[in-house]
Amino acid sequence: MESTAHAFKTNVDHALADPNLQDSLAKLKVGFSERRRQAAERLPEFEALRDRARDIKNHTLANLDFYLEEFERKVIGLGGHVHWAPTAADARRIIAELCQSVGARTVAKSKSMVAEEIALNEHLEALGIAPIETDLGEYIIQLRNEPPSHIIAPAVHLTKDQVADTFLEHHSKLGFDKRLTERNDLVAEARYVLRQKFLDADVGLTGANFLVAETGSSMLVTNEGNADLSNTLPKMHIVLASIEKVIPTLEDAAVLLRVLARSATGQESSAYTTLNTGPKRAEDLDGPSQYHVVLLDNGRSGVLGTEMQDILRCIRCGACMNHCPVYGAVGGHAYGWVYPGPMGAVLTPQLVGVEEASNLPNASTFCGRCESVCPVRIPLPKLMRHWREREFEKHLTPRGVRQGLALWSFLARRPALYRGLTSIANRVLALFGRADGRYSALPLAGGWTRFRDFPAPQPGGTFHAQWKGKEGKRKRA
Amino acid sequence: MKLLEQAGCTVEVPPVQVCCGQPAYNSGDRATTRAIASQVIDAFEGYDAVVAPSGSCGGMLSHHYPGLFDDDPAMKARAENLAGRSHELMSFLVDVLGEKKVAAARYDGVATYHDSCSGLRELGVKEQPRRLLDSVQGLSLHEMKTPEVCCGFGGTFCVKYPEISNAMVSEKSADIAATGADTLLAGDLGCLMNMAGKLQREGSAVRVRHVAEVLAGMGDLPAIGEPERG
Ligand code: SF4
């Protein structure tokens, strides 16, 4: 997917002016966080589980090469194939060749953010292979030719009315010419249309939530069961996953699943948890005859051992964006690439370059709500600050900010001067604002006064001045 | 100040004290932050406790300073020492001094309390101010739906991304209005200025005060951004 992260500010303007989006975001903000809160409250050991989840991921990352090789050995032992893809282009090429090797014309896909990351759909389409999204949300945005706006709820930016219009537009040629208004009817219609496509597909492509090294299994959770059809009906099953998805054991998977579902949707567990362990065996009734796993690096191994490593713990639950007030104000598309919200603000600069995505780690108040809900305790604000440090070092920080900062820091390191100036400023401000207690416009503070007043200093001078006065009085007494 | 003295502390303000360095820290300027932090560490050498009336400043001293000196063990030790002595005002009164109520403060009104982000999530300030407010005569507290959601200030964030910041503070102000409170209280100066500015721009009659003003019985002074009376 083409990044528009550099146009963050323009994207934000569009987002804030889009009433449908704002409607959808208003619902998202209360829904997800409330459900997560209740789920966490119902499970007394939730906080301890988060610690264990973090430790499992840390242990795996410290031994990533070992577990990846173990996983590969197991997959090969089961009769499957593992393909290593250092870059997005490699992954696209490998998948295209696999599809072509069976003469595939359609590929049934179940939601995979990594597929978005490598822009797989566009690539397959260019080769005359039709990718069919089978996740309802992905299907909707595929019809609308839009990127996902959320990592677990790709169409969360749309209202029900918009979905109804989209279906009417695209399904009427299939004979569905009534505009539906009920949620269930919309789902039923999509299910009907999609069912036939599953049956027609030559290749099934899924992502993976976890790759289990001890068994060579890929594990996938969904609420729609679509993945089960994508991987059992077609003759070839391709799993596309990034390298940090590997974990040591099924036992570990159990811990991670428990925090994943609760953090994501507030469910105790997702409706479907599917394990794929190799191709169809002789005694199996159905299943794919070919099983391939494509492991994507795409810059991740370069994060290992750096101050950014913690982001590789991410299990893509979406909680950080569900609780982020910035995401809640502007939605996922504003971030301009595949991964939005706090995790995107850390990961996107890594994957598309900090020059392209320089705004993302800056557009945060560091309120810390993301970190407080992250199931694997990723210190997201700290990692965003690391990006700001790198930008500062690379001189990417905007000039105005740098100059302002330089002046302020010059003063902040000279206490007497700082106090002198703040007290002058305080007096000047007071002179103009005291009459009504506030300012509706101030020089150099347009960003502030465009939307709010600047409170005039409370009477009595600066704190330091008051303190001095108080001390003086005391001494005299 | 008055609150601390009532609780039996001797309070001093070192004349060389300035800002804690957060603007530089959050802008990625580590070198400047370290220089300012060293200065702050010097300034507060020798005090039993360092108390900040703002959660984010308190958090800076107690959570972020030590990490600035990972490559300088001597400074790191001093930073850790300062961190251990640094407190946010509400948490200092309740958790350290064990105060359960305030001495005879009165404030006639209905207030709502905004949890500032650093205070709440870095320092665990949540119950302490509410406990103390409970002892203020004449005051009742009406909670917002989401008192813990950021108001959109974020230091330099609010001038770098004013549109997003405005969307956030607008939502906050709607949440405040829905409580029916006549006074908004919080424990962080940045949040207070931001919310006061928005409420006043919207023509709201809600008055905005630092929670310490009410606890110290100084609720008769003009509120933040309010004209001087009389
Ligand atoms: S960073 Fe944490 S909260 Fe955000 S998606 Fe990843 S695991 Fe979930």
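Here is a short walk through chain B of this predicted model, from its domains to one of its helices.

Let's begin with the overall layout. The domain assignment splits chain B into domain 1, covering residues 2-93, and domain 2, covering residues 104-215. Where they meet, domain 1 of chain B gives 17 residues to the contact, and domain 2 of chain B also gives 17 residues. If you take the centres over C-alpha atoms, those of the two domains lie 24 Å apart.

How much area do the two domains bury between them? The size of an interface is often expressed as the accessible area that is lost when the parts come together. For domain 1 and domain 2 of chain B that figure is about 1,300 Å², with 62% of it on carbon and sulfur atoms. As for charged pairs, the rule finds 0 salt bridges across this interface.

Now let's move to helix α5 of chain B, which spans residues 73-85. Its 13 residues reach 18 Å from the first C-alpha to the last, close to the 18 Å expected at 1.5 Å a residue. Which of its residues are buried? They are B:M75, B:A79, B:L82, B:A83 and B:R85. These buried residues sit on the same side of α5(B), because they cover an arc of only 165 degrees around the axis.

Turn the helix around and you meet the face that points away from this buried side, where B:P73, B:A74 and B:G84 are exposed. Back on the buried side, the cover over those residues includes two helices of chain B, α3 (30-43) and α4 (55-68), along with the strands β1 (50-52) and β2 (86-88).

Conventions
Residues are numbered from 1 along each chain as its sequence is written. Chains are lettered from A and ligands numbered from 1 in the order in which they are written. This is a predicted model: local features need pLDDT of at least 70, side-chain atom pairs count only at pLDDT 80 or more; totals for chains, interfaces and linings use all residues. Side-chain values use heavy atoms; hydrogens and water are left out. Helices (H or I, at least four residues) and strands (E, at least two) are DSSP runs, numbered from the N terminus. The expected span of a helix is 1.5 Å times one less than its number of residues. Buried means under 20% relative accessible area, exposed over 50%, partly exposed in between (1.4 Å probe, protein chains only). The arc is that of the directions from the helix axis to the C-beta atoms. Contact means heavy atoms within 4.5 Å. Domain bounds come from an automatic or database domain assignment. Buried area is the accessible area (1.4 Å probe) that two parts lose on being put together, summed over both. A salt bridge is a side-chain nitrogen of Lys or Arg within 4 Å of a carboxyl oxygen of Asp or Glu.
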